[in-house]
Amino acid sequence: GILMIEAAAQLASFYSKRFLNFQGFMGFGGCTDVKFRAPVTPGNRLFILLEKESLRHGRINCRVQGLVNDQLVLEGRVTGVQL
């Protein structure tokens, strides 16, 4: 579960730098409303979807979902902070 949250946070950081032109280091600000719906085992391919919900004062909030074989395995929100 922790690795799925980390992967979602990394995707939010990549999105912020690549498409929103954030500069510097993006730190992990937290996660909320996280639910793990099914296990992800070695050999599974996890697809992470991200949608920006808000962006203000160097802080981005994103809704994330994780899918394995079209099955929802993770959902929640991650926050990134520009440092």
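This is a short selection-by-selection tour of the cores, one strand residue, the cavity and the largest pocket in a predicted model.

Begin with the largest nonpolar core by selecting its 8 residues, which are Ala8, Ala12, Phe22, Met26, Ile60, Cys62, Val64 and Val78. With these displayed, colour helix α1, residues 2–19, and strand β3, residues 59–68, since these are the elements that give two or more residues to this core. Of the two, β3 deserves the second look, as the largest share of the core, 3 residues, comes from this strand. Such grouping has a general background: in soluble globular proteins, nonpolar side chains tend to be buried together.

Stay with this core and centre the view on Phe22. Leaving aside residues up to four places away in sequence, Phe22 touches Ser16, Lys17, Leu55, Gly58 and Gln82. Then move to a second, separate core, which has 5 residues, and select Ala38, Val68, Val73 and Leu74, which are among them.

Next, select strand β4, residues 71–82, and pick out Thr79 within this strand. Is Thr79 buried or exposed? Thr79 counts as buried, because its relative accessibility is 15% and the cut-off for burial is under 20%. Showing its surroundings, again without residues up to four places away in sequence, brings up contacts with Gly27, Phe28, Gly29 and Gly30, and also with Arg59, Ile60 and Asn61.

Keep β4 in view and turn to the enclosed space. The structure holds 1 cavity of 30 Å³ or more, and the largest cavity contains about 30 Å³ of space. To see its lining, select Ile5, Ala8, Val34, Val64, Leu74, Glu75, Gly76 and Val78. The elements that give two or more residues to this lining are α1 and β4, and the largest share, 4 residues, comes from β4. By class, the lining divides into 6 nonpolar residues, 1 polar and 1 charged. While these residues are selected, note that Ala8, Val64 and Val78 line the cavity and also belong to the largest nonpolar core.

Finish at the largest pocket, in which about 170 Å³ of space lies. Its lining is made up of 14 residues, and a convenient way in is to select Ala9, Ser13, Met26, Gly27 and Phe28, which lie nearest the centre of the pocket. Helix α1, strand β1 (26–36) and strand β4 are the elements that give two or more residues to this lining, with α1 giving the most, 6 residues. Colouring the lining by class will show 7 nonpolar, 6 polar and 1 charged residues.

Conventions: Residues are numbered from 1 along each chain as its sequence is written. This is a predicted model: local features need pLDDT of at least 70, side-chain atom pairs count only at pLDDT 80 or more; totals for chains, interfaces and linings use all residues. Side-chain values use heavy atoms; hydrogens and water are left out. A nonpolar core is a set of buried Ala, Val, Leu, Ile, Met, Phe, Trp, Tyr and Cys residues joined through side-chain atoms within 4.5 Å. Buried means under 20% relative accessible area, exposed over 50%, partly exposed in between (1.4 Å probe, protein chains only). Contact means heavy atoms within 4.5 Å. On a 1 Å grid over the protein atoms alone, a cavity is a set of points where a 1.4 Å probe fits but cannot get out, and a pocket is an open set with protein on both sides within 12 Å along at least five of seven lines; lining residues have an atom within 4 Å of a point. Grid points are joined across faces, edges and corners, and a volume is the space filled by probe spheres set on the points. Ala, Val, Leu, Ile, Met, Phe, Trp, Tyr, Cys and Pro count as nonpolar, Asp, Glu, Lys and Arg as charged, and the others, Gly among them, as polar.
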